[in-house]
Amino acid sequence: SLLRACSRLEIHPAQVAPRSHAAHAVSMIAALAVNALLPGAPPPQTTATRRGLLGGFAALVAAPAASHAVSARTGLSSVFTGEYDDPQHPGCLRSIKVGGAPMLPSGRRSRNPQAAIAGVDSACDARPEASAVWKLTGSVAESGESIAIDFSPKGGPKDLLGVWEGDGIKFPDGNKWTKVPNGTPSRRPASLATLNSD
């Protein structure tokens, strides 16, 4: 049986090959299956340790989720990417684009995707000039449920937290930017097509 084959399994820790845990797990499973189907076959010789096998199972389970952990919250996949209505500045441009996560000094990639925020605060009854557009940076939480925006270039707080609430971003002062489903192309400067977030 499969359990009897497992009990006969010989482990050789000193012969561990430089393969991934997932590869060890696949090899181990195949060897055990053959041994269980052929009771007279000798115990499989394996280069995987029991600890390596357990690690392989964990790797097989975790790999699909890890590969999409950050990418699912960048670009158009992020709920924050888009254009908004700001009740404190009616008719004015409010644009957010969520890009990739930056590299950290340690050489690892951050789990927090970066965001580019652009807007205009006055004369919003017509297309603004490119020079009137202010630009800020932000960071999206790993959970994808909040965004911290650096408003210090405009004289505001450095890390103003905005939380996604239903159809927009709610800020601590009670103001809420409501996302416009099809964007606001008429609010963008004609010369800056890169503001397009559709």
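Which residue in E9 stands opposite Val163? In this predicted model, the position facing Val163 is taken by Lys170 of strand E9. The pair belongs to the contact between E8 and E9, two antiparallel strands joined by three bridges. Strand E9 spans residues 168-170, and a hairpin with two residues between the strands links E8 to E9. Within this turn, Gly166 adopts a positive phi of about 70°.

The overall fold comprises three helices and ten strands. Their succession along the sequence follows the pattern α-β-α-β-α-β-β-β-β-β-β-β-β. Eight strands form a closed barrel with antiparallel pairing, arranged in the order E3-E4-E5-E6-E7-E8-E9-E10. From one strand to the next, the twist averages 30°.

Further pairings were examined on the other side of E8. Strand E8, residues 160-165, is matched with E7 in the antiparallel sense through four bridges; here Leu160 of E8 serves as the bridge partner of Ile149. Strand E7, residues 146-150, also pairs with strand E6, residues 134-140, again antiparallel and over four bridges. In that pairing, Val140 has Ile147 of E7 as its bridge partner.

At the level of the whole protein, 32% of the 198 residues are buried. Of the contacts between residues at least 6 apart in sequence, 52% connect residues at least 24 apart. The accessible surface amounts to about 11400 Å², and carbon and sulfur atoms account for 60% of this area.

Definitions and conventions: Residues are numbered from 1 along each chain as its sequence is written. This is a predicted model: local features need pLDDT of at least 70, side-chain atom pairs count only at pLDDT 80 or more; totals for chains, interfaces and linings use all residues. Side-chain values use heavy atoms; hydrogens and water are left out. Two strands pair if DSSP finds at least two bridges between them. Axes are lines fitted to C-alpha atoms, for helices over the stretch in contact, and angles run from 0 to 180 degrees between N-to-C directions. Buried means under 20% relative accessible area, exposed over 50%, partly exposed in between (1.4 Å probe, protein chains only). Contact means heavy atoms within 4.5 Å. Accessible areas come from the Shrake-Rupley method with a 1.4 Å probe; for residues, only the protein chains shown count as cover.
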